[in-house]
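Q: Could you show me how to read helix packing, ring pairs and burial in a model, taking the general idea before the particular case?

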Amino acid sequence: MSSWTLAGKTCLVTGATAGIGRVTARELARLGARVFLVARDPARGEALACEIRGEGGSAELLVADLSSQAEVRGLARRFLARDEPLHVLINNAGVFEVSRKLTSDRIEAVFAVNHLAYFLLTLLFLERLRESAPARIINVASEAHRWGTVDFDDLEGAKSYRSMRIYGRSKLANILFTNELARRLEGSGVTANCLHPGTVATRLGSQNGALARMLIASLRPFLRTPEDGASTTIYLAASPEVARVTGGYFIDCRPARSSQESRNPEIARRLWDRSAEMTGFDQPSPSSGPGPPRP
């Protein structure tokens, strides 16, 4: 890592104020990047931005709740209006819900945040990433993808909600999206890769009540630190070794083989089309003006 540099590069990290997102943002800034932090909580986000700036780095906060498609669009609109390049997009924010919850868009929350927010934000930024090439898109997935399958008749778990299966489905969707995105971006100078960070001691799932928090606390000594968990994300963002690698799934900074379903191009194409329908990607919000063309 000592030879890596992101000097002159602009990076955007979602879920930046906790766990591996926080470590990722700080390390990218230490490598010389200008880092945009996406967070729901303005106070925590600004505290991290001040911390990074206090260490000599460059960081700015963008506040958005990624469970809301209107806020995802607003986030993209605010960033794009700044006329900044975008060299590295890291989709890191995620949730785990024990019981089925709906977002303000009436979409199941885990699928909405863990997959649809990745999908919509990336597509809204796609033209800027192309203009900024060489550029990299990094999606934080998980080995939990092996717990799920894509059921196009019940993507949101309305018929049957099992929390681990629903979470696994969202992480499977991350990998399918990455593979289809890499195929569509071939030759553009923009790469797309995803990763499993390991089982990391983070705040994921802590909103599910006292029992969940106690369980997380009891498991913490057996889990990886956020620093260990962020290492592969940082590698994919900064290492020259993967500058031209695309469509990959990585564990511990090495290529790995994801599940057979995650590598099915037909499922990936169907999921892309369904995701476009669910996000209304070709239907910009009234205040946002025309959206970028669908790839």
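**Reading ring pairs and helix packing**

A: Let us begin with the rings, keeping in mind that this is a predicted model; the structure holds 8 aromatic pairs.

Q: How are the rings of F119 and F177 arranged, and which term describes the pair?

A: The general idea is to take the distance between ring centres together with the angle between ring planes, where planes under 30 degrees apart count as stacked and over 60 as edge-to-face, with the rest tilted. In this case the centres of F119 and F177 are 5.4 Å apart and the planes stand at 55°, so the pair is tilted. The two rings belong to distant parts of the chain, since F119 sits in helix 4 and F177 in helix 5 (residues 163–184), with their positions 58 residues apart. Both F119 and F177 are buried.

Q: Which kind of pair do F119 and W272 form?

A: F119 and W272 form an edge-to-face pair, with 5.2 Å from centre to centre and 80° between the planes. Because F119 lies in helix 4 and W272 in helix 8 (residues 265–279), this pair ties together parts that are 153 residues apart in sequence. Elsewhere, ring pairs link W4, Y235 and F250 into a cluster.

Q: Are F119 and W272 buried or exposed, and on what value does that rest?

A: Burial is read from the relative accessible area, and buried means under 20%. F119 has a relative accessible area of 0% and is therefore buried, while W272, at 2% relative accessibility, counts as buried too.

Q: How do helix 4 and helix 5 pack, and which residues make the contact?

A: For a helix pair one reads the distance between the axes and the angle at which they cross, and angles under 35 degrees count as roughly parallel. The axes of helix 4 and helix 5 come within 7 Å and cross at roughly 20°, and the two helices are therefore roughly parallel to each other. The crossing of helix 4 past helix 5 is right-handed. Helix 4 contributes V110, F111, N114, H115, Y118, F119, T122, L123 and L126, and helix 5 contributes I166, Y167, S170, K171, A173, N174, F177 and L181. By class, the residues of this contact divide into 11 nonpolar, 5 polar and 1 charged.

Q: At what angle do helix 3 and helix 4 pack?

A: Helix 3 (residues 69–81) packs against helix 4 (residues 109–132) at about 25°, with the axes 10 Å apart, which makes helix 3 roughly parallel to helix 4. Their crossing is right-handed. From helix 3 the contact takes in Q69, V72, R73, L75, A76, F79 and L80, and from helix 4 L116, A117, L120, L121, L124, F125 and R128. These residues divide into 11 nonpolar, 1 polar and 2 charged.

Q: What is the composition of the contact of helix 1 with helix 2?

A: Taking the geometry beforehand, helix 1 (residues 19–30) and helix 2 (residues 42–54) pack at about 30° with their axes 10 Å apart, and helix 1 passes helix 2 in a right-handed crossing. The contact is made by R22, A25, R26 and A29 of helix 1 with L48, E51 and I52 of helix 2. Its residues divide into 4 nonpolar, no polar and 3 charged.

Q: Where is L176 found, and which residues does it touch?

A: L176 is found in helix 5 and, at 1% relative accessibility, counts as buried. Leaving aside residues up to four places away in sequence, L176 touches V150, E261, S262, N264, I267, A268 and L271. The C-alpha atoms of L176 and L271 are separated by 7.7 Å, although these residues are 95 apart along the chain.

Terms used:
Residues are numbered from 1 along each chain as its sequence is written. This is a predicted model: local features need pLDDT of at least 70, side-chain atom pairs count only at pLDDT 80 or more; totals for chains, interfaces and linings use all residues. Side-chain values use heavy atoms; hydrogens and water are left out. Axes are lines fitted to C-alpha atoms, for helices over the stretch in contact, and angles run from 0 to 180 degrees between N-to-C directions. Helices (H or I, at least four residues) and strands (E, at least two) are DSSP runs, numbered from the N terminus. Angles under 35 degrees count as roughly parallel, over 145 as roughly antiparallel, 65 to 115 as roughly perpendicular and the rest as oblique. A crossing is left-handed if the near helix is turned anticlockwise from the far one by less than a right angle, and right-handed if clockwise. Contact means heavy atoms within 4.5 Å. Ala, Val, Leu, Ile, Met, Phe, Trp, Tyr, Cys and Pro count as nonpolar, Asp, Glu, Lys and Arg as charged, and the others, Gly among them, as polar. Rings of Phe, Tyr and Trp (its six-membered ring) pair if their centres lie within 6.5 Å; planes under 30 degrees apart count as stacked, over 60 as edge-to-face and the rest as tilted. Buried means under 20% relative accessible area, exposed over 50%, partly exposed in between (1.4 Å probe, protein chains only).
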